[in-house]
Amino acid sequence: MALIEIRDLTKTYRLANVVTPVLDHVGFSVEEGEFLSIIGPSGSGKTTLLNLLGGLDREYTGSLKIADKEMKALSDRRISTLRNRTIGFIFQSFHLLEHLTCLENVMLPYFFAGRPTKEAQARGRLLLEKVGVADKAEVRPIYISGGQKQRVAIARALIMQPKLLLCDEPTGNLDRETGAQIVDLFRELNKDLGVTVLVVTHDERLSRVAPRILHLADRKIEDTRTEPGKRVTDLSSSSSAPPAD
Ligand SMILES: Nc1ncnc2c1ncn2[C@@H]1O[C@H](COP(=O)(O)OP(=O)(O)O)[C@@H](O)[C@H]1O
Ligand SMILES: [Mg+2]
């Protein structure tokens with residue numbers, strides 16, 4: 001069974017009398033344990049697609065199944081459970097709560113799930129160690145760097161042991177070197193924990209480390225496979241174009 005199964009997915013925004021078609025009969029599927037990136041220029045619909053995949057937007061036609069569940073058919077309650085248990089979301093701008101410590105930020109999804117605090121603390125600390133910021137557990141996010149914030153956000157996305165990690169331009173607010181480290185971390189988590197990772201970016205260099213790349217353009221998706229295992233830093237000399245925004 002595929003973890004993501006999409007057929008004839010069509011998405012059009014309608015605001016007053018403005019009609020914006022974004023996805024037009026798109027189809028692809030993703031198996032559990034895959035690591036893939038979706039690349040497309042600014043405005044091509046990457047965030048739209050991620051919001052659909054994450055159940056934040058359920059207004060579409062066609063079929064979009066996560067873990068064999070049709071997203072638009074689920075009740076609000078079941079969608080919340082699916083989003084808490086199965087899907088981890090990572091944003092370009094980290095979305096950490098500044099009045100909480102890094103550890104408390106990581107523990108949050110556990111609270112929402114009604115799990116015990118002791119367990120949340122133990123798992124949170126393990127994950128902070130795994131992503132390389134164990135020493136920031138008691139620190140509030142305002143005192144750490146962008147790369148460290150993204151690591152904390154990744155730990156938070158992982159605490160419920162999601163099957164699927166959705167990442168929307170996770171390196172967009174980071175310098176190139178730090179961005180490369182974050183993408184390497186995704187690859188490591190994919191390998192070590194078996195979590196399916198889907199990274200959306202407009203940065204072709206970062207997307208190229210994934211063994212599978214979906215190109216989003218003109219409302220369609222094209223699927224390609226690359227030689228897996230290249231390091232992001234190996235690619236820096238082969239890049240021609242600068243990022244789109
Ligand atoms: N909530 C919305 N309502 C109406 N139009 C939207 C909305 N969100 C995005 N769009 C439009 O849909 C298109 C795709 O946007 P988006 O998915 O954000 O692209 P990307 O993430 O690739 O930059 C753009 O033309 C954008 O203006
Ligand atoms: Mg976007």
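## A buried glutamine in helix α5

Gln-150 is buried, with a relative accessible area of 0%, in a model that is predicted. The residue belongs to helix α5, which spans residues 146-158. Because a relative accessible area under 20% is what counts as buried, the value of 0% places Gln-150 within that class.

The side chain of Gln-150 has a polar partner, since one of its polar atoms lies 3.0 Å from the backbone oxygen of Phe-91. Phe-91 is also among the residues in contact with Gln-150 once neighbours within four places in sequence are left aside, and the others are Ile-90, Gln-92, Phe-94, Pro-170, Leu-174 and Ile-182.

## Confidence of the prediction

The protein chain has a mean pLDDT of 91, and 92% of its residues reach 70 or more. Among the elements of the chain, strand β4 (residues 61-66) has the highest mean pLDDT, at 98, whereas helix α7 (residues 204-207) has the lowest, at 77.

Over residues 236-244 the pLDDT stays under 50, and for this stretch the model has 7 contacts beyond four places in sequence.

## The surroundings of ligand 1

Ligand 1 is surrounded by Tyr-13, Leu-15, Thr-20 and Val-22, together with Pro-41, Ser-42, Gly-43, Ser-44, Gly-45, Lys-46, Thr-47 and Thr-48. Sorted by class, this shell consists of 7 polar, 4 nonpolar and 1 charged residues. Three elements, β1 (4-15), β2 (18-30) and α1 (46-53), each supply at least two residues of the shell, and α1 provides the largest share, with 3 residues.

Polar atoms of the protein approach oxygen atoms of ligand 1 from both backbone and side chains. An oxygen atom of the ligand lies 2.5 Å from an N or O atom in the side chain of Thr-48, and an oxygen atom of the ligand lies 2.8 Å from an N or O atom in the side chain of Lys-46. On the backbone side, a polar atom of Ser-44 is 3.2 Å from an oxygen atom of ligand 1. On its own, ligand 1 has 560 Å² of accessible area, of which the protein covers 62%.

## Helix α1

Helix α1 is largely enclosed by the rest of the structure, because 6 of its 8 residues are buried. The buried residues in α1 are Lys-46, Thr-48, Leu-49, Leu-50, Leu-52 and Leu-53. Lys-46 and Thr-48 thus appear in this buried set and also in the surroundings of ligand 1. Just after the helix, Gly-55 takes a positive phi of about 75°.

## Two residues of strand β2

Strand β2 contains Val-26 and also Gly-27, and the two fall into separate accessibility classes. Val-26 counts as buried, at 1% relative accessibility, while Gly-27 is partly exposed, with a relative accessible area of 46%.

Not counting residues up to four places away in sequence, Val-26 touches Ile-6, Arg-7, Asp-8 and Leu-9, as well as Arg-219, Lys-220 and Ile-221. Under that sequence limit, Gly-27 touches Ile-6 and Arg-7. Although Gly-27 and Lys-220 are 193 residues apart along the chain, their C-alpha atoms are separated by 8.7 Å. Val-26 and His-99, by contrast, are 73 residues apart in sequence and 41 Å apart in space, C-alpha to C-alpha.

## Two alanines with positive phi

Most residues other than glycine have a negative phi. Ala-16, which is not a glycine, nevertheless has a positive phi of about 50°, and Ala-67, likewise not a glycine, has a positive phi of about 45°.

Both alanines are found in loops, but their settings can be told apart. Ala-16 lies in the loop between β1 and β2 and counts as exposed, at 85% relative accessibility. Ala-67 lies in the loop between β4 and β5 (69-70) and counts as buried, at 18% relative accessibility. Because the limit for buried is under 20% relative accessible area, Ala-67 falls in that class at its 18%.

Key:
Residues numbered from 1 in each chain as written. Chains lettered and ligands numbered in written order. Predicted model: local features only at pLDDT ≥ 70, side-chain atom pairs only at ≥ 80, totals over all residues. Heavy atoms only, no water. Near = heavy atom within 4 Å. Polar contact = N/O pair within 3.5 Å; in protein donor to acceptor, adjacent residues only side chain to side chain. Areas by Shrake-Rupley, 256 points an atom, 1.4 Å probe, with all protein chains shown as cover. Helix = DSSP H or I, 4+ residues; strand = E, 2+ residues; numbered from the N terminus. Nonpolar A, V, L, I, M, F, W, Y, C, P; charged D, E, K, R; others polar. pLDDT = per-residue confidence, 0-100. Contact = heavy atoms within 4.5 Å. Buried < 20%, exposed > 50% of the residue type's maximum accessible area, 1.4 Å probe, protein only.
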